[in-house]
Amino acid sequence: MPYLVIDALARAVGERYSTFDVVGAGPRVVAGILEDFEETILLPCESVISNVELVKKFDAVFISAMSSDYEALRRLVMKLKEVQFKGPIIVGGPISFEYSKVLSELPVDFVVVGEAEIPLKHLVNCFKSRGDESCLDKTPALSFRERGKIKLTSRHVHTPKEMLSIIKPWTKIDLSYKPTWIYRFYVEVLRGCSNFVRPLVKSGGLNCQFCMKCRSSNLSERLLCPVNIPPGCGFCNVPYMFGYPRSRSVRSIVDEVEELVEHGARRIVLSAPDFLDYCREELVEGVLTDPCNPPPNVNVIEDLLNALFSIEDVKSGKVVIMIENIKACLVNKEVGKVLGKYLKGTTVHIGLETGCDWYNDRVLGKPIGLNHVLQACRILSEAGLRPYVYLMHDLPLAGKEVYLNTMKAIEALGRVGVEKITFYKYVKLPATAFEKISEEQKEEDVSEIIRELKKLINRYNTAMKRHLIGERIEVYVVKSGSGYYGYPIKHGPVVVISSRSIPHREINGCRGVVKVTDISSRVIRGELVSILECPQNT
């Protein structure tokens, strides 16, 4: 019998409220692993919830979710039980680090904790060798109930670099995501993060001894903290969950993109916590745990981009290649030249978090300040890319000084061509340094200044959109409810399309051009000017 993988990422309580066009890489990797054993299909969460009887066709169900998707996971699992699904239910993804909660509260059979490649192969072999009672105990990073207690066989394991290039992610996306053309399919180019610096905080539940090992010139020394503070930015769990960077080979990435294109993909995002970490580990002895040194491996980055842009549909512009996140401290003129050569006109996201350098460095454990970000945005803008900058609020131990400095930074960001500022609220995540800090612990009442900062950023983003009025933007047209929306080909703000400009025929998933007619802090409105191309499966 076949296996079913369910993509529940970013589904919150069961459906998406934003980033409707994103398809993460993780569920496709899981489906690729499983397909070596049995026929496997991958479906988005909403497709299963709306037709849950289909699960009876499958022998086992594997669900990928994040911590923020707990309610979606609960709803999904209860639906499976309502239709009396008899096979095992296996949960994985970032939510797996809350395995105790998942197994205590939900009728789930197994949780694969952390990266799936090694544990999942062991687990499937256990399904096939039912006579071996010790098989589950021998499976690493697996959690399950045993005699009324929750058991974890071992801590999570990081997949070796060589294995990341051997495993072939699932690519039959035209069976799962329709209309296929509109989606941004994320393709993993590397796993892990190079920031193994930690918050230098001795309060609020953290107990830093200021040994400075996490800032040592000996990169291997940064791996372990004497008082077990998780590595990386205090709010982020990527270094703990996925370790230091390990890059996939150029060939494996290109092969995956080619297959996705064959199955209808038209928008590809090269996914990584930091794209500029790609193959940077090859420039150091041992492991890469310094976020800023050495500089990027620009030659290999260009090899990858050149190979991808040599694919015929990419070269012709039919398929768009994008990147997402980069660290500002790694951007130099050489980087700008290479990215501008291949990725002109696309957005790129940079984390600043606050405009207060000492807070970023000592409290967040992020040795990247405002000047790093200003220089990076200047270089990228001049190269023809469109910088977006992340800022955060409600951070632990952040007082008025932090937010006042952040307000001052807004004007400077405008001078270097930052197209959009994304201001998001800190959320406590498992396996982070800040997990132990009480949410109530604040240096002082900063609610009023955060409100002012939100207003300032809204005004900034509205002003930056004004130049769009009258512009013509290539989009994919998506029908949602009774309305139509334009998703820019190279990412950017979604356009609400005037119903008066919609032709009397089916255009869901078509590629077209919209003319922007109006903007506000939240919405861009436009008229459909022309239809360029429509997919066969609309």
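The following questions and answers examine how terms are applied to this predicted model.

Q: What makes the protein chain as compact as a globular protein of its length?
A: The chain contains 16 helices and 22 strands. Its radius of gyration is 23 Å, which is close to the 24 Å given by the globule rule for 538 residues, so the chain is as compact as a globular protein of that length. Along the principal axes, the C-alpha trace spans about 65 × 65 × 45 Å. Buried residues account for 57% of the 538 residues. Among contacts with a separation of 6 or more, 75% are between residues 24 or more positions apart.

Q: Why is Asn 228 called exposed or buried?
A: The term exposed requires over 50% relative accessible area. Asn 228 has 61% relative accessibility, and therefore it counts as exposed. The residue is located in the loop between β10 (190-191) and α8 (238-242).

Q: Why is Ala 431 called buried or exposed?
A: Buried means under 20% relative accessible area. The relative accessibility of Ala 431 is 11%, so the residue counts as buried. Its place is in the loop between β17 (420-425) and α16 (447-465).

Q: What makes the phi of Asn 228 notable?
A: Most residues other than glycine have a negative phi. Asn 228 is a residue other than glycine, yet its phi is positive, near 60°. Ala 431, which is likewise not a glycine, has a positive phi of about 65°.

Q: How do you know that the peptide bond from Lys 178 to Pro 179 is cis or trans?
A: The omega of this bond is near -5°, and the bond is cis. Pro 179 lies in the loop between α7 (161-166) and β9 (184-188). A cis peptide bond also joins Asn 293 and Pro 294, where omega is about 0°. Pro 294 belongs to the loop between β12 (267-271) and α10 (298-308). Most peptide bonds are trans.

Q: Why is Glu 71 called buried, exposed or partly exposed?
A: Partly exposed is the class between the limit of 20% for buried and that of 50% for exposed. With 30% relative accessibility, Glu 71 falls in that class and so counts as partly exposed. Glu 71 is part of helix α3 (residues 70-82). Its C-alpha atom is separated by 37 Å from that of Ala 409, which is 338 residues away along the chain.

Q: How do you know that His 491 is buried, and what is in contact with it?
A: The limit for buried is under 20% relative accessible area. His 491 has 16%, so it is buried. Its position is in the loop between β19 (483-488) and β20 (495-497). Leaving aside neighbours within four places in sequence, His 491 contacts Arg 184, Arg 267, Met 322, Thr 347, His 349 and Arg 386.

Q: What makes Ile 268 stand out in the largest nonpolar core?
A: This core has 163 residues, and Ile 268 is among the members that touch the most others, together with Leu 4, Ile 63, Phe 275, Leu 339 and Leu 413. Helix α14 (residues 370-382) supplies the largest share of the core, 7 residues. Apart from residues up to four places away in sequence, Ile 268 touches Phe 185, Val 187, Val 257, Leu 260, Val 319, Val 320, Ile 321 and Met 322. A second, separate core has 15 residues, including Val 495, Ile 507, Val 514 and Leu 528.

Q: What makes up the lining of the largest cavity, by class?
A: The structure holds 3 cavities of 30 Å³ or more, and the largest has a volume of about 120 Å³. Of the 16 residues that line this cavity, Arg 198, Cys 208, Cys 211, Cys 214 and Cys 225 are the closest to its centre. Cys counts as nonpolar and Arg as charged. The lining as a whole has 12 nonpolar, 1 polar and 3 charged residues.

Q: How do you know that the lining of the second largest cavity has charged residues?
A: Glu and Arg count as charged. The lining includes Arg 28, Glu 117, Glu 188, Arg 191, Arg 248 and Glu 256. By class, it has 6 charged residues, 5 nonpolar and no polar ones. Among the nonpolar ones are Ala 25, Val 29 and Leu 164. The volume of this cavity is about 70 Å³.

How values were computed:
Residues are numbered from 1 along each chain as its sequence is written. This is a predicted model: local features need pLDDT of at least 70, side-chain atom pairs count only at pLDDT 80 or more; totals for chains, interfaces and linings use all residues. Side-chain values use heavy atoms; hydrogens and water are left out. On a 1 Å grid over the protein atoms alone, a cavity is a set of points where a 1.4 Å probe fits but cannot get out, and a pocket is an open set with protein on both sides within 12 Å along at least five of seven lines; lining residues have an atom within 4 Å of a point. Grid points are joined across faces, edges and corners, and a volume is the space filled by probe spheres set on the points. Helices (H or I, at least four residues) and strands (E, at least two) are DSSP runs, numbered from the N terminus. Buried means under 20% relative accessible area, exposed over 50%, partly exposed in between (1.4 Å probe, protein chains only). A nonpolar core is a set of buried Ala, Val, Leu, Ile, Met, Phe, Trp, Tyr and Cys residues joined through side-chain atoms within 4.5 Å. Contact means heavy atoms within 4.5 Å. The radius of gyration is taken over C-alpha atoms; the globule rule is 2.2 Å times the number of residues to the power 0.38.
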